[in-house]
Amino acid sequence: MKSCRESLSVAAARRLSAAGDEEEKMAAGKASGPEEDAPRLSAQESDALTRVDSSLFGYQGLQEDGASMKALLVKAVRCYESLILKAEGKVDAEFFCQLGHFNLLLEEYPKALSAYQRYYSLQSDYWKNAAFLYGLGMVYFHYNAFQWAIKAFQEVLYIDPGFSRAKEIHLRLGLMFKVNTDYESSLKHFQLALIDSSHCSLSRAEIQFHIAHLYEIQKRYRAAKEAYESLLQTEDLPAQVKAVTLQQLGWMHHTVEQLGDKANKDSYAIQCLQKSLEADPSSGQSWYFLGRCYSSIGKVQDAFVSYRQSIDKSEASADTWCSIGVLYQQQNQPMDALQAYICAVQLDHSHAAAWMDLGTLYESCNQPQDAIKCYVNATRSRTCSNTPALAARIKYLQACKAQPGSSGSGQSLPPHVSPLDQADGQSSPAKRKRTASPAKSPAHPPTPSWTLSPQKQQLLEQLRANRSSLKPLQLQMLEQMEVQLSAVHQMRQNSSGQIRASLPNGPSLPAHPVPRGPSCSAPTLANGPLPSSVGNNQTPGARANGEVPYLHPNTLPHNCTSPGDTRKSQHLNSAQGLQKGLGSLWAGPNGDRTLSSSASADSGPHNQVGLSTTTPSEPAVNHLSSPSSTSSPASSSSQTATSGAPHGTVPTKESAALQANGSTATEHPSPDRSPPAASADNPPLTTRSPAAGSRSNHVHRGSSASSPASSPSPRCAAPAAVNGSGGGACSEDSRSPLKLEPPELCIKASLKPSHSSSTVSIYPTSTDVLKACRNLGKNGLSSSSVLLNKCPPPRLPPPPSPPLDKDKLNPPTPSIYLENKRDAFFPPLHQFCTNPSNPVTVIRGLAGALKLDLGLFSTKTLVEANPEQLVEVRTQLCQPADENWDASGQRKQWRCESIRSYTTIAKYAQYQAASFQESLREENEKKGQKELSDSEMTSSETVSRRHKGPFKQVKFGTNIDVSDEKKWKLQLQELSKLPAFARVVSAGNLLSHVGHSILGMNTVQLFMKVPGSRTPGHQEHNNFCAVNINIGPGDCEWFAVPEPYWGVMSEFCEKNNINFLKGSWWPNLEDLYEANVPVYRFIQRPGDLVWLNTGTVHWGQAIGWCNNIWWNVGPLTAYQYKLAVERYEWNKLQSVKSMVPMVHLSWNMARNIKVSDHKLFEMIKFCLLRTLKQCQTIKEALVAAGKETVWHRRSRDEPAHYCSICEVEVFNLLFVTSDSYSRKSCVVQCQDCARKTSGDLDGFVVLQQFRMEDLMQVYDQFSLAPALHSSAS
């Protein structure tokens, strides 16, 4: 691939030199017209530029020792732009790609994006150019457009797994997935980066820290503890990494009960935090955590000192002030507690814990009206976790009148001011940067308001009357209010001014980050866990990646982020400091940090698998070195005050513009979406809805400021004509705004026809294949580039067109009623079920027709047969089948949350029986009432009436393996009564040719359910069909969406920050109907068989108590094989393991069966061709490197092999470490992962499982059989 890129670069440079000579001749023939001489590149300079592409980004010291290279790049950019301008844009596409690389290395991101977009629009097979995709991904990463950056980086790894900057890609993918809360994907990419021996932007220690922190976020506390402690044993560990590691380790011990008894945990936590402060005394976050630890063991004075240090060392935090208020309240100092709580809610008006504590304080002082106002404010916060209890308390207080002297401190507090007049900005004493102490903080100019409310005036009078006895904080508030009052009078006299918009203070964000450099800094993600007693101020998945609003409705954003929008964009800003700081890249944390007086601060696990927390702090690592600052998005002289915020993490105007549209592009822009109004900083944007199958290519005329070329929408089906307007350079002004829609990197299903130029036909002999491979190898092309001729990266399919009418979005489910055994074996039944037009089929009465003994799968029989069989248990919330609410019952969501544990069949059977008995008891108790029992979900409507209250938890017994023929002989024999097309094993089942067991696919699995047990939305592994039989006695409710709409479902998951392939999600039916997605909905009764056709998206829920059996089937059809291979490639793109080894299966099919279907034969033959070429090229590379293979014949029933690191299928040639080979364990790696670990494969043994002669024989003998029978169709 690299040699291919170099040849294109050389050709472009030569054409450029030739064009320069031609220009000189033309200029000499002109009689008049003074014209600036266009720069020219010498042959030596052109040769030097051929070795320059995006892979040098971050590794080319342009500011230090690379001054000459920088000068050359500047000259090259001028030369290229001059040539493009004179040619009116009619130049080779490679010019734009090279221009994009040059601008990227010069950190001219708008120009780089513009050039890359032009290349994209002109080059139909742009996906072959890994350097282009990498450069484009880097630009998107700079703009925090993670949705697009992820897609670009994934395509690089797909087309060229051995790309020179693969480690950097894995690192950045890990960071982006972490911010997006896809922790499993993040962990995988960090681990892939860790095994790579090449260089990247972060050190090995920093990557190890991210891995440990991911364990902590996932509540794998033991693994996190081991990882943190292992990291601390590293020699020469940088001080900042050491400090933040100790900080996390200490706080985790303070908050996690599983790590030991409280006394030992607190002692160890304090020890770690003190060591952390020794390594980094300036960390306000560590001081805050230390204060929390001291508070929990009753060391009040030490806690106050630590909190004061936290405020002195960093920006004031709502959590810190709330914790200070709790301490004051515990010390019976209500006035001091009041001021602290007021500071907290001024910093973060949605801080639920502070409002609750403030309400409790008012209530203790016999001021119920003020308490009610505070409780109401708490319930308005999205992070409030106990809304029902607060609502009940509010109702109680409203019904009761306060009785004088009944309780409290006997001291009246100033009345509640709602909402404290939103004293934003520096008018709040808590929002100021404290350099000495809370009492001696320098005053900042306050932000005046138009009026002072009567309550605030009353508070002012009270403070004035008691001036001599006021505490320092109260004096400070008095000064603020007096200044504010004078400002009010002045503004009234002037009758002018501007009402300042109230600041929606988000978690961990001060009103005005104190500038430490030439520009304001955008706070990013906070770090560290907090106890669950305090509501987290961020909701996981609240914003899809890439969606960042414009900071001003009519202009593009400027470099200084306004406080009002920092909370909205903090997640996407987090990764901007990749080279600047470690903590900035955390996905954030683990829960809240404020000690609430109304709940136990340290009770229960603390880690909230969510986004950022509520506490600002110092950057976890402020000065981590990097190869170069070229990927830093802005000047490194500014620094934010929130945890993990790097130096210089300022979003540029282009950044926010791109983020604002990062995930909103559609095939046709919404008619009501108008572009921002034109201004000096925002030239009019050229927008157009790309025609079906067309690309847009806008070239801006003359020397006016140009914006990057518009690009097709994510759902644009295919490339077509270029539509240039001629006369303009690609990009001449770095101020150019970005287009509303970024280039089409959104995945789509419309693959290009497989008739593109391939050097090898689909029908050559094996000898011709190997000969062609040798010739291609001599031409300098890698094996992957050969395959690329027919293998572009897979795409998400666009939704079917035209969209369905609204009255067709609830189609009737195809159902077949069987009366006898003959009906079950009637051939049209098989044809009906496998027809692609029927996504799902319900076969009613199957058990009765075939006289199946379902009692063999009853809970009683299962317990008698194998009581100790392992059962995976999912603890879920019992909800209406057509709804999915968060744990608080306040918001509908797609994320379907559950907790995994394990038990045995016998123990789950006891739970199942107890659940049924409890339901009967509740039903008897509530007889005569309208509402049914909580456990019984026979009606979604009755349950939906409770959706505002807490939901009951249910346990779902899933994935019970029933494959052991000795333990489950009777059960498996009973299933042989089924018709052949639905059996677990049959000649016409693709999965029967895999040659080994794949648990849950070509083996039977059992599910044990109680009402409310949910199987979240998914497609079957590799899009295979599925069979599900309800054993009973209860019913199940099913939902299904046809396969062509899986792209829409995937996009919905992406918008909700959920991994479509590996995440747990429950679709919102309203969203689906709005997107014109049809949904099949039906009831499965005992004895009914549900046939899920190829690729059908489905989810379901138990209505009653029942058991189900399940397995997968692969009909021997071209449609099934095609979709299985497509998902195999999609999984590879998404770095997800394919459960079905399609290469291994294809070779077994070629050996075992005759295929008469021409389409199926051609696809299998092409798969054999690809793997045969791959094996040959790998063998030749090994011979060239002097590496011999060791013969290792496959054993009977040996499973297919997967890379132990990246999880791709490894066929024939297995790379195993010498150590594992000597131990006979043979941990397999793929060639790419092995070479990343050791470039010359030292320490590896290559095992060969098939002789090339045998593979050639299988390939040559696999031919199209005559169509005598229809069984293969």
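Biologist: Helices (H or I, at least four residues) and strands (E, at least two) are DSSP runs, numbered from the N terminus. The model is predicted, so local features need pLDDT of at least 70 and side-chain atom pairs count only at pLDDT 80 or more, while totals for chains, interfaces and linings use all residues. Residues are numbered from 1 along each chain as its sequence is written, and side-chain values use heavy atoms, with hydrogens and water left out.

Modeller: How should one read the backbone at Leu-1241, and what is its phi?

Biologist: Most residues other than glycine have a negative phi, and most peptide bonds are trans. Leu-1241, a residue other than glycine, has a positive phi near 65°. The residue is found in the loop between α40 (1231-1237) and β19 (1244-1248).

Modeller: Is Leu-1241 buried or exposed?

Biologist: Leu-1241 is buried, with a relative accessible area of 1% (buried means under 20% relative accessible area, exposed over 50%, partly exposed in between, with a 1.4 Å probe and protein chains only). Asn-366, which is not a glycine, also has a positive phi, of about 65°. Asn-366 is partly exposed at 22% relative accessible area, and its place is in the loop between α18 and α19 (368-380).

Modeller: Which residue is joined to Pro-802 by a cis peptide bond, and where does Pro-802 lie?

Biologist: The partner is Ser-801, and omega of that bond is about -5°. Pro-802 lies in the loop between α26 (783-787) and β1 (815-817). A cis peptide bond also joins Gly-1032 and Pro-1033, with omega about 5°. Pro-1033 is part of strand β8 (residues 1025-1033).

Modeller: How does one read the pairing of strands, and how many bridges join β3 to β5?

Biologist: Strands of a sheet pair through backbone hydrogen bonds, either parallel or antiparallel; two strands are taken to pair if DSSP finds at least two bridges between them. Strand β3 (residues 870-877) and strand β5 (residues 953-961) run antiparallel and are joined by 6 bridges. Glu-872 stands opposite Thr-958 of β5. β5 also pairs with strand β6 (residues 1005-1009) in the antiparallel sense, over 3 bridges, and there Leu-1006 is the bridge partner of Ile-960.

Modeller: In what order do the 4 strands of the open sheet stand, and which strands stand at the edges?

Biologist: The order is β7-β12-β9-β10, with antiparallel pairing. β7 (1014-1018) and β10 (1080-1084) stand at the edges; each has a single partner strand, so one side of each lacks a neighbour in the sheet. The twist averages 15° from one strand to the next. Strand β9 (residues 1036-1041) runs antiparallel to β10, joined by 5 bridges, and Trp-1038 stands opposite Phe-1082 in β10.

Modeller: How is a helix pair read, and at what angle do the axes of α16 and α18 cross?

Biologist: Axes are lines fitted to C-alpha atoms, for helices over the stretch in contact, and angles run from 0 to 180 degrees between N-to-C directions. The axes of helix α16 (residues 318-330) and helix α18 (residues 352-364) come within 10 Å and cross at roughly 20°. The two helices are therefore roughly parallel to each other (angles under 35 degrees count as such, over 145 as roughly antiparallel, 65 to 115 as roughly perpendicular and the rest as oblique).

Modeller: Which residues of α16 and α18 make the contact?

Biologist: With contact meaning heavy atoms within 4.5 Å, α16 contributes Cys-322, Val-326 and Gln-329, and α18 contributes Ala-353, Ala-354, Asp-357, Thr-360 and Leu-361. These residues divide into 5 nonpolar, 2 polar and 1 charged (Ala, Val, Leu, Ile, Met, Phe, Trp, Tyr, Cys and Pro count as nonpolar, Asp, Glu, Lys and Arg as charged, and the others, Gly among them, as polar).
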